[in-house]
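Work through the exercises below with the model open. Each task is followed by its solution.

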Amino acid sequence: MSIGIITAVTVSGDRAITLTWDDGEIAPVNLAATIAALKALAPLTDPVEFSQARLSHDGWSVEWPSGIDFGAPQLRRWAHEQSGKAMPPALFRAWIDRHHFTLDRAAEALGLSRRTVAYYLSGEQPVPRTVMLATVGFDRQQAA
């Protein structure tokens, strides 16, 4: 999954922004749940503050006057998770827990290495759409 730099940011709704990437991808990102979950992001609940989102000089983050910023890699990941191009780590963890899998067993079921599964669970690497679809396929196969 490409990360790239952000070339444009626009506020597109209540706690939502739309990003344009250097590879041409345009992606909305809804930040409402993240803002609500973290006390340190309280300044972004102010509509005036949120509306002042701006691109950093190097394109590697979106910034607000209050000093809050989100980096390009995390924003790209959220965009992909929200659009269904990637699986949120919490959903991947829920899938593993639902099947009572160890890292080794999850890796075997998905045809991945144990290390790759660990990276996905930690959030160090995004869970790609192919793995998300594999979890759905596994569930359907088990239900048959």
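Two exercises follow, on strand pairing and on the surroundings of a single residue.

This is a predicted model in which local features need pLDDT of at least 70, side-chain atom pairs count only at pLDDT 80 or more, and totals for chains, interfaces and linings use all residues. Residues are numbered from 1 along each chain as its sequence is written, and side-chain values use heavy atoms, with hydrogens and water left out.

**Exercise 1.** Determine how β2 pairs with strand β1 and with strand β3.

Step 1. Strands are DSSP runs of E with at least two residues, numbered from the N terminus; two of them pair if DSSP finds at least two bridges between them.

Step 2. Six bridges join β1 (residues 6-13) to β2 in the antiparallel sense. In this pair Ile-6 stands opposite Trp-21 of β2. Two residues lie between the strands of the hairpin, where Arg-15 takes a positive phi near 65°.

Step 3. β2 and β3 (residues 26-30) are also antiparallel, over five bridges. Here Leu-19 is opposite Ala-27 of β3. The hairpin has four residues between its strands, and Gly-24 takes a positive phi near 95°.

**Exercise 2.** Describe the surroundings of Leu-110 in helix α5.

Step 1. Helix α5 covers residues 103-110; helices are DSSP runs of H or I with at least four residues.

Step 2. Leu-110 has 14% relative accessibility, so it counts as buried (under 20% relative accessible area; exposed is over 50%, partly exposed in between; 1.4 Å probe, protein chains only).

Step 3. Beyond neighbours within four places in sequence, Leu-110 contacts Phe-92, Trp-95, Val-131, Ala-134 and Thr-135, where contact means heavy atoms within 4.5 Å.
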